[in-house]
Amino acid sequence: MFIDSHAHLEGHHYDHDREQVISRARDAGVETIVAIGNGDGPANFDCGIQLAEKYDFIYATIGIHPHEARLADQAAFDRMELLARRPKVIAWGEIGLDYYYDHSPRDVQQRVFIKQMELARPASLPIVIHCRPSENSENAWDDCLRLIQEHWAPSGLGGILHCFTGNAVQAQRALDWGFMISFAGNVTFPKARQIREAALAVPLDRMLIETDSPFLAPVPYRGKRNEPAFVKEVARQLGELRGTSTEEMGLETAQNFQRFFSLHERRTTV
Ligand SMILES: [Zn+2]
Ligand SMILES: [Zn+2]
(Lines give C-alpha, C1' and ligand atoms only; values in the text may rest on other atoms or scores of the structure.)
(Ligands and ions follow the chains in the order given, each with its own letter.)
Protein backbone atom coordinates (compact mmCIF):
# COMPACT_ATOMS: atom_id res chain seq x y z
CA MET A 1 0.00 0.00 0.00
CA PHE A 2 1.38 3.40 -1.03
CA ILE A 3 0.18 7.00 -0.89
CA ASP A 4 1.42 9.53 -3.41
CA SER A 5 1.22 12.72 -1.36
CA HIS A 6 1.93 15.07 -4.27
CA ALA A 7 1.10 14.78 -7.98
CA HIS A 8 0.22 17.25 -10.73
CA LEU A 9 -2.19 15.21 -12.82
CA GLU A 10 -4.13 17.96 -14.58
CA GLY A 11 -1.54 19.10 -17.13
CA HIS A 12 -1.28 18.39 -20.84
CA HIS A 13 1.26 15.64 -20.08
CA TYR A 14 -1.63 13.34 -19.24
CA ASP A 15 -4.25 14.56 -21.67
CA HIS A 16 -4.09 11.45 -23.82
CA ASP A 17 -3.97 8.80 -21.08
CA ARG A 18 -4.96 10.25 -17.69
CA GLU A 19 -7.43 7.43 -16.98
CA GLN A 20 -4.78 4.77 -17.65
CA VAL A 21 -2.22 6.60 -15.51
CA ILE A 22 -4.67 6.62 -12.61
CA SER A 23 -5.62 2.98 -13.05
CA ARG A 24 -1.95 1.94 -13.28
CA ALA A 25 -1.43 3.67 -9.92
CA ARG A 26 -4.27 1.63 -8.42
CA ASP A 27 -2.82 -1.58 -9.90
CA ALA A 28 0.56 -0.71 -8.32
CA GLY A 29 -1.05 -0.47 -4.87
CA VAL A 30 -1.39 3.31 -4.65
CA GLU A 31 -4.42 3.75 -2.45
CA THR A 32 -4.54 7.56 -2.26
CA ILE A 33 -3.24 10.41 -4.42
CA VAL A 34 -3.12 14.10 -3.59
CA ALA A 35 -3.80 16.13 -6.72
CA ILE A 36 -1.97 19.43 -6.37
CA GLY A 37 -4.16 22.30 -7.47
CA ASN A 38 -1.79 24.93 -8.74
CA GLY A 39 -2.53 24.47 -12.43
CA ASP A 40 -1.06 27.27 -14.53
CA GLY A 41 -2.10 29.85 -11.97
CA PRO A 42 -5.35 31.50 -10.87
CA ALA A 43 -7.16 30.53 -14.08
CA ASN A 44 -7.36 26.87 -13.08
CA PHE A 45 -6.45 26.30 -9.48
CA ASP A 46 -9.59 24.20 -9.14
CA CYS A 47 -7.90 21.52 -11.29
CA GLY A 48 -7.07 19.32 -8.30
CA ILE A 49 -10.63 19.59 -7.01
CA GLN A 50 -12.04 18.49 -10.35
CA LEU A 51 -10.03 15.27 -10.17
CA ALA A 52 -10.81 14.75 -6.49
CA GLU A 53 -14.52 15.10 -7.13
CA LYS A 54 -14.31 12.45 -9.85
CA TYR A 55 -12.30 9.80 -7.95
CA ASP A 56 -12.98 8.93 -4.31
CA PHE A 57 -9.30 8.03 -3.63
CA ILE A 58 -7.98 11.39 -4.85
CA TYR A 59 -7.75 14.44 -2.57
CA ALA A 60 -6.91 17.97 -3.61
CA THR A 61 -5.02 21.08 -2.65
CA ILE A 62 -5.45 24.64 -3.83
CA GLY A 63 -2.88 27.39 -3.97
CA ILE A 64 -0.68 29.64 -6.04
CA HIS A 65 2.78 28.25 -6.75
CA PRO A 66 5.68 30.67 -6.24
CA HIS A 67 6.32 30.53 -10.00
CA GLU A 68 2.93 32.16 -10.62
CA ALA A 69 2.97 34.52 -7.63
CA ARG A 70 3.08 37.46 -10.02
CA LEU A 71 -0.41 36.47 -11.25
CA ALA A 72 -2.00 36.60 -7.81
CA ASP A 73 -4.59 39.30 -7.24
CA GLN A 74 -7.42 39.91 -4.78
CA ALA A 75 -9.92 38.06 -6.98
CA ALA A 76 -7.66 34.99 -6.88
CA PHE A 77 -7.40 35.13 -3.09
CA ASP A 78 -11.18 35.49 -2.76
CA ARG A 79 -11.79 32.52 -5.02
CA MET A 80 -9.32 30.33 -3.15
CA GLU A 81 -11.01 31.20 0.12
CA LEU A 82 -14.23 29.75 -1.28
CA LEU A 83 -12.61 26.70 -2.88
CA ALA A 84 -10.82 25.89 0.37
CA ARG A 85 -14.18 24.89 1.87
CA ARG A 86 -14.79 22.09 -0.63
CA PRO A 87 -14.78 18.78 1.25
CA LYS A 88 -12.00 17.08 -0.71
CA VAL A 89 -9.53 19.91 -0.20
CA ILE A 90 -7.11 18.73 2.49
CA ALA A 91 -4.23 21.22 2.25
CA TRP A 92 -3.19 24.62 0.92
CA GLY A 93 -0.34 24.45 -1.55
CA GLU A 94 2.05 24.15 -2.94
CA ILE A 95 3.17 27.55 -1.78
CA GLY A 96 6.58 28.93 -0.86
CA LEU A 97 9.65 30.33 -2.55
CA ASP A 98 11.59 29.42 -5.67
CA TYR A 99 14.81 31.41 -6.07
CA TYR A 100 16.19 28.92 -8.57
CA TYR A 101 13.94 29.91 -11.46
CA ASP A 102 12.79 33.31 -10.17
CA HIS A 103 9.70 33.19 -12.40
CA SER A 104 8.19 35.82 -10.10
CA PRO A 105 10.13 38.57 -8.30
CA ARG A 106 11.26 37.44 -4.84
CA ASP A 107 9.41 40.17 -2.95
CA VAL A 108 6.20 39.20 -4.77
CA GLN A 109 6.79 35.51 -3.97
CA GLN A 110 7.19 36.37 -0.30
CA ARG A 111 4.09 38.55 -0.18
CA VAL A 112 1.91 35.93 -1.89
CA PHE A 113 3.33 33.19 0.34
CA ILE A 114 2.48 35.18 3.49
CA LYS A 115 -0.99 36.02 2.18
CA GLN A 116 -1.77 32.35 1.53
CA MET A 117 -0.61 31.36 5.02
CA GLU A 118 -3.01 33.98 6.34
CA LEU A 119 -5.84 32.40 4.32
CA ALA A 120 -4.99 28.79 5.17
CA ARG A 121 -5.17 29.45 8.89
CA PRO A 122 -8.91 30.25 9.19
CA ALA A 123 -9.57 27.44 6.68
CA SER A 124 -7.78 25.08 9.14
CA LEU A 125 -5.73 23.56 6.32
CA PRO A 126 -2.10 22.47 6.65
CA ILE A 127 0.25 23.96 4.04
CA VAL A 128 2.36 22.23 1.40
CA ILE A 129 5.71 23.97 1.02
CA HIS A 130 7.81 24.29 -2.11
CA CYS A 131 11.26 25.66 -1.40
CA ARG A 132 14.09 25.85 -3.91
CA PRO A 133 17.15 28.04 -3.38
CA SER A 134 19.53 29.44 -5.98
CA GLU A 135 22.36 27.15 -7.04
CA ASN A 136 24.81 26.47 -4.18
CA SER A 137 22.83 28.65 -1.81
CA GLU A 138 20.52 28.28 1.16
CA ASN A 139 18.79 31.61 0.44
CA ALA A 140 15.26 30.32 -0.14
CA TRP A 141 15.50 28.01 2.90
CA ASP A 142 16.53 30.88 5.14
CA ASP A 143 13.63 33.05 3.98
CA CYS A 144 11.09 30.24 3.81
CA LEU A 145 11.75 28.90 7.30
CA ARG A 146 11.79 32.43 8.73
CA LEU A 147 8.42 33.22 7.14
CA ILE A 148 6.92 29.94 8.34
CA GLN A 149 8.18 30.62 11.84
CA GLU A 150 6.69 34.12 11.87
CA HIS A 151 3.43 33.56 10.00
CA TRP A 152 2.53 29.91 10.41
CA ALA A 153 4.22 27.98 13.20
CA PRO A 154 1.98 29.50 15.93
CA SER A 155 -1.13 28.12 14.17
CA GLY A 156 -0.07 24.59 15.10
CA LEU A 157 -1.59 23.32 11.83
CA GLY A 158 1.73 22.12 10.46
CA GLY A 159 2.25 21.11 6.89
CA ILE A 160 4.44 19.19 4.49
CA LEU A 161 7.87 20.10 3.17
CA HIS A 162 7.32 18.60 -0.25
CA CYS A 163 10.05 17.13 -2.47
CA PHE A 164 12.51 17.70 0.33
CA THR A 165 15.98 18.74 -0.82
CA GLY A 166 17.25 20.52 2.29
CA ASN A 167 19.52 19.24 5.03
CA ALA A 168 18.79 17.50 8.32
CA VAL A 169 18.93 20.76 10.32
CA GLN A 170 16.33 22.41 8.11
CA ALA A 171 14.13 19.31 8.34
CA GLN A 172 14.39 19.38 12.11
CA ARG A 173 13.16 22.98 12.31
CA ALA A 174 10.05 22.04 10.38
CA LEU A 175 9.55 18.85 12.41
CA ASP A 176 9.53 21.02 15.53
CA TRP A 177 6.58 22.94 14.05
CA GLY A 178 4.62 19.76 13.39
CA PHE A 179 5.53 19.34 9.74
CA MET A 180 5.87 16.11 7.79
CA ILE A 181 8.81 15.69 5.40
CA SER A 182 7.97 14.28 1.98
CA PHE A 183 10.58 12.62 -0.22
CA ALA A 184 10.32 12.41 -4.00
CA GLY A 185 12.04 10.62 -6.88
CA ASN A 186 15.19 12.69 -6.57
CA VAL A 187 16.12 10.70 -3.44
CA THR A 188 17.00 7.91 -5.90
CA PHE A 189 19.43 10.05 -7.95
CA PRO A 190 23.10 9.05 -7.52
CA LYS A 191 24.22 12.59 -6.57
CA ALA A 192 21.47 13.17 -3.98
CA ARG A 193 23.69 12.47 -0.98
CA GLN A 194 22.28 15.32 1.13
CA ILE A 195 18.69 14.22 0.54
CA ARG A 196 19.53 10.65 1.59
CA GLU A 197 21.28 11.93 4.70
CA ALA A 198 18.16 13.89 5.60
CA ALA A 199 16.03 10.83 4.87
CA LEU A 200 18.04 8.91 7.45
CA ALA A 201 17.72 11.68 10.03
CA VAL A 202 13.94 12.22 9.79
CA PRO A 203 12.00 9.95 12.17
CA LEU A 204 10.12 7.23 10.30
CA ASP A 205 6.75 8.37 11.66
CA ARG A 206 7.21 11.85 10.13
CA MET A 207 8.00 10.79 6.56
CA LEU A 208 5.81 10.84 3.48
CA ILE A 209 6.48 9.81 -0.11
CA GLU A 210 5.42 11.46 -3.35
CA THR A 211 6.12 11.52 -7.06
CA ASP A 212 5.65 15.21 -7.93
CA SER A 213 4.39 13.79 -11.26
CA PRO A 214 5.00 14.56 -14.06
CA PHE A 215 8.41 15.78 -12.86
CA LEU A 216 11.41 14.03 -11.30
CA ALA A 217 10.77 10.42 -12.27
CA PRO A 218 12.74 8.13 -9.95
CA VAL A 219 15.43 5.72 -11.11
CA PRO A 220 14.88 3.49 -13.19
CA TYR A 221 12.41 5.79 -14.99
CA ARG A 222 14.59 8.89 -14.71
CA GLY A 223 14.16 11.25 -17.66
CA LYS A 224 10.71 9.89 -18.51
CA ARG A 225 7.34 11.34 -17.61
CA ASN A 226 6.65 10.51 -13.98
CA GLU A 227 3.37 9.00 -12.74
CA PRO A 228 1.93 7.99 -9.34
CA ALA A 229 2.59 4.27 -9.86
CA PHE A 230 6.33 5.07 -9.64
CA VAL A 231 6.00 6.20 -6.00
CA LYS A 232 6.94 2.61 -5.18
CA GLU A 233 10.52 3.37 -6.30
CA VAL A 234 10.74 6.17 -3.75
CA ALA A 235 9.60 3.72 -1.07
CA ARG A 236 12.16 1.20 -2.34
CA GLN A 237 15.03 3.69 -2.02
CA LEU A 238 13.96 4.84 1.45
CA GLY A 239 13.52 1.22 2.50
CA GLU A 240 17.04 0.36 1.32
CA LEU A 241 18.45 3.33 3.21
CA ARG A 242 16.69 2.45 6.42
CA GLY A 243 16.99 -1.31 6.22
CA THR A 244 13.35 -2.11 5.67
CA SER A 245 11.25 -3.40 2.80
CA THR A 246 9.55 -1.38 0.07
CA GLU A 247 6.17 -2.59 1.31
CA GLU A 248 6.90 -1.72 4.92
CA MET A 249 8.04 1.77 3.91
CA GLY A 250 4.88 2.19 1.82
CA LEU A 251 2.69 1.12 4.71
CA GLU A 252 4.45 3.30 7.29
CA THR A 253 4.29 6.43 5.13
CA ALA A 254 0.66 5.71 4.25
CA GLN A 255 -0.22 5.43 7.93
CA ASN A 256 1.64 8.69 8.60
CA PHE A 257 -0.40 10.38 5.91
CA GLN A 258 -3.67 9.06 7.29
CA ARG A 259 -2.76 10.09 10.80
CA PHE A 260 -1.67 13.57 9.73
CA PHE A 261 -4.83 14.23 7.71
CA SER A 262 -7.17 12.10 9.87
CA LEU A 263 -8.60 10.73 6.64
CA HIS A 264 -10.51 7.94 8.29
CA GLU A 265 -12.35 10.47 10.41
CA ARG A 266 -12.93 12.61 7.34
CA ARG A 267 -14.44 9.73 5.39
CA THR A 268 -16.96 8.91 8.06
CA THR A 269 -17.96 12.47 8.86
CA VAL A 270 -18.13 14.05 5.39
ZN1 LIG B 1 7.28 21.92 -5.79
ZN1 LIG C 1 4.70 19.98 -7.15
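Welcome to this predicted model. Its zinc ion (ligand 1) has donor residues that follow the spacing E-x35-H-x31-H along the sequence, so to speak a good pattern to keep in view as you select the site.

**First stop: the metal site.** Select the zinc ion (ligand 1) and show the side chains around it. You will find Glu94 coordinating through OE, His130 through ND1 and His162 through NE2, at 1.9 to 2.1 Å. Now trace the two histidines back to the chain: His130 sits in strand 5 (residues 127-132), while His162 belongs to the loop between strand 6 (159-161) and helix 6 (168-176). The pair, 32 residues apart, links distant parts of the chain. Switch on a surface if you like: both His130 and His162 are buried.

**Next: the second zinc.** Keep Glu94 selected and add the zinc ion (ligand 2). Glu94 bridges this ion and the zinc ion (ligand 1), and 3.5 Å separates the two.

**Then: the sheet.** Change to a cartoon view and colour the strands. Here is an open sheet of 8 strands, ordered 1-2-3-4-5-6-7-8 with parallel pairing. Look to the edges for strand 1 (2-7) and strand 8 (207-209); each has a single partner strand, so one side of each lacks a neighbour in the sheet. On average, neighbouring strands are turned by 30° against each other, direction ignored.

**Zoom in on one edge.** Strand 1 pairs with strand 2 (residues 30-35) in the parallel sense, over 4 bridges. Pick Phe2 and you will see Val30 of strand 2 opposite.

**Last stop: helix 8.** Select residues 231-242. Helix 8 packs on the sheet and touches strand 1, strand 2, strand 7 (180-183) and strand 8. Its direction makes about 145° with that of strand 8.

Methods:
Residues are numbered from 1 along each chain as its sequence is written. Chains are lettered from A and ligands numbered from 1 in the order in which they are written. This is a predicted model: local features need pLDDT of at least 70, side-chain atom pairs count only at pLDDT 80 or more; totals for chains, interfaces and linings use all residues. Side-chain values use heavy atoms; hydrogens and water are left out. Donors are N, O and S atoms within 2.8 Å of the metal (3.2 Å for Na, K and Ca); water is not among the atoms, so sites may look incomplete. Buried means under 20% relative accessible area, exposed over 50%, partly exposed in between (1.4 Å probe, protein chains only). Two strands pair if DSSP finds at least two bridges between them. Axes are lines fitted to C-alpha atoms, for helices over the stretch in contact, and angles run from 0 to 180 degrees between N-to-C directions. Contact means heavy atoms within 4.5 Å.
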